[in-house]
Amino acid sequence: MILAEEVSKLNNTETEIFDYIIKNQKEIKNMTVRSLALTLHVSTSAIVRMSNKLGFEGWGEFKYYVKNHVEPKTIEDAHYDSMLEFDIFLHRMKSENFQKKLNKAAQMISQADYTVCMGIGNSGSLADYACKYFVNSGLKAFVINDPFQAIQINRTGNVVALIFSASGETPQIINKELEVKEAEAQIITLSNEKGTTVGRLGDLELFYNLTPEWSQLYPLGNLTTQLPVVAIIETLAHKSIERLKK
């Protein structure tokens, strides 16, 4: 079993390679190191180095490991996969590019008169948590987690809307985003994938890029871990407060 401590030793490029592999296990078993390198636009040596850091002799041995681990997962395996993906996300979150986005978002929040945290469904619960965490941190914020709740920004002051949408394609939240956009609020979006409708409509797009996990009993039950969202919320609060102290 690959350990989180081994994954944490990977650099940004190696982490991206590993992330692609665990999300495309069935396709990987038929790929050569050269074809994988071409797919990811990296060098073959980067793939070999990643394999070595994870404890394998090379790509062939790592591919054999992946090939023999594509099987139905137990509850414990699924839980491990979620924690491993979260660990990969935390590693990616430390990258220079991600930190630049977080710093930009924190700057927008710290300079705003208040932040509107928006979401519906599960994302609404996260918006509610963000609002409470922000307020407890000393930031001015309120939450909108009802698609029928009126938005009364009316172009007054400097307002930031922090919009949560895992899919980034929920019609009700897109409509709400258009309302705050029309009211000239700055918009920060947080979705699982890059380039969603919600993300494209915003001023700053944050995404965490995890493999979606769905309930085996309820077809619409999205079980994808939201730990990355919580990590981003708390990081933004701390970074924003630090800017207010200066």
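Is Glu14 buried or exposed? With a relative accessibility of just 1%, Glu14 counts as buried. Keep in mind as you look around that this is a predicted model.

Let's start with the helix that holds this residue. Helix H2 covers residues 12-23, and its 12 residues should span 16 Å at 1.5 Å a residue; the end C-alpha atoms sit 17 Å apart, which agrees. Glu14 has company in being buried here: Thr15, Ile17, Phe18, Asp19 and Ile21 of H2 are buried too. At the N-terminal end, Asn11 acts as a cap, with a side-chain oxygen 3.1 Å from the backbone nitrogen of Thr13.

Now for the charged pairs. The whole structure has eight salt bridges, and here are three of them:

| Salt bridge | Closest N to O |
|---|---|
| Glu14 and Arg49 | 3.7 Å |
| Lys53 and Glu14 | 2.8 Å |
| Lys23 and Asp19 | 3.3 Å |

Two of these rows involve Glu14. Lys53 belongs to helix H5 and Glu14 to helix H2, so that pair links parts of the chain 39 residues apart. Arg49 is in H5 as well, 35 residues from Glu14. Through shared partners, Glu14, Arg49 and Lys53 join into one network. While Glu14 is buried, Arg49 is partly exposed at 41%, and Lys53 is partly exposed at 33%.

The Lys23 and Asp19 pair stays within H2, where the two residues are four apart, about one turn of the helix. An α-helix has 3.6 residues a turn, so residues three or four places apart point the same way. Asp19 is buried, at 7% relative accessible area, whereas Lys23 counts as partly exposed at 24%.

Helix H5 (residues 44-53) also holds Ser51, which is buried with a relative accessible area of 0%. Its side chain reaches the backbone oxygen of Ile47 at 2.9 Å. Leaving out residues up to four places away in sequence, Ser51 touches Phe56, Gly58, Trp59 and Phe62.

On to the nonpolar cores. The largest has 33 residues, and those with the most contacts inside it are Phe89, Phe134, Phe164, Ile188, Ile232 and Leu236. Helices H7, H8, H9 and H12 each give two or more residues to this core, and so do strands S3, S4 and S5. H12 gives the most, with seven residues. Looking past its neighbours within four places in sequence, Phe134 is in contact with Ile109, Thr115, Leu139, Ala141, Leu162, Ile233, Leu236 and Ala237. There is also a second, separate core of 21 residues, which includes Ile17, Leu40, Leu54 and Phe56.

H12 is home to His238 too, which counts as partly exposed at 49% relative accessibility. The C-alpha atoms of His238 and Leu139 are 10.0 Å apart, although their positions lie 99 residues apart along the chain.

Last stop: helix H10, residues 171-182. Its 12 residues should span 16 Å, and the end C-alpha atoms are 17 Å apart, which agrees. Which residues of H10 are buried? They are Ile173, Ile174, Lys176, Glu177 and Val180. These cover an arc of only 160 degrees around the axis, which puts them on the same side of H10. That buried set packs against strands S1, S3 and S4 and helix H11. The face turned away from the buried side carries the exposed residues Pro171 and Glu182. After H10 comes Glu184, whose phi is positive, near 70 degrees.

Terms used:
Residues are numbered from 1 along each chain as its sequence is written. This is a predicted model: local features need pLDDT of at least 70, side-chain atom pairs count only at pLDDT 80 or more; totals for chains, interfaces and linings use all residues. Side-chain values use heavy atoms; hydrogens and water are left out. The expected span of a helix is 1.5 Å times one less than its number of residues. Buried means under 20% relative accessible area, exposed over 50%, partly exposed in between (1.4 Å probe, protein chains only). The arc is that of the directions from the helix axis to the C-beta atoms. Contact means heavy atoms within 4.5 Å. A nonpolar core is a set of buried Ala, Val, Leu, Ile, Met, Phe, Trp, Tyr and Cys residues joined through side-chain atoms within 4.5 Å. A polar contact is a pair of N or O atoms within 3.5 Å; within protein, one must be able to donate a hydrogen and the other to accept it, and residues adjacent in sequence count only if both atoms are side-chain atoms. A salt bridge is a side-chain nitrogen of Lys or Arg within 4 Å of a carboxyl oxygen of Asp or Glu.
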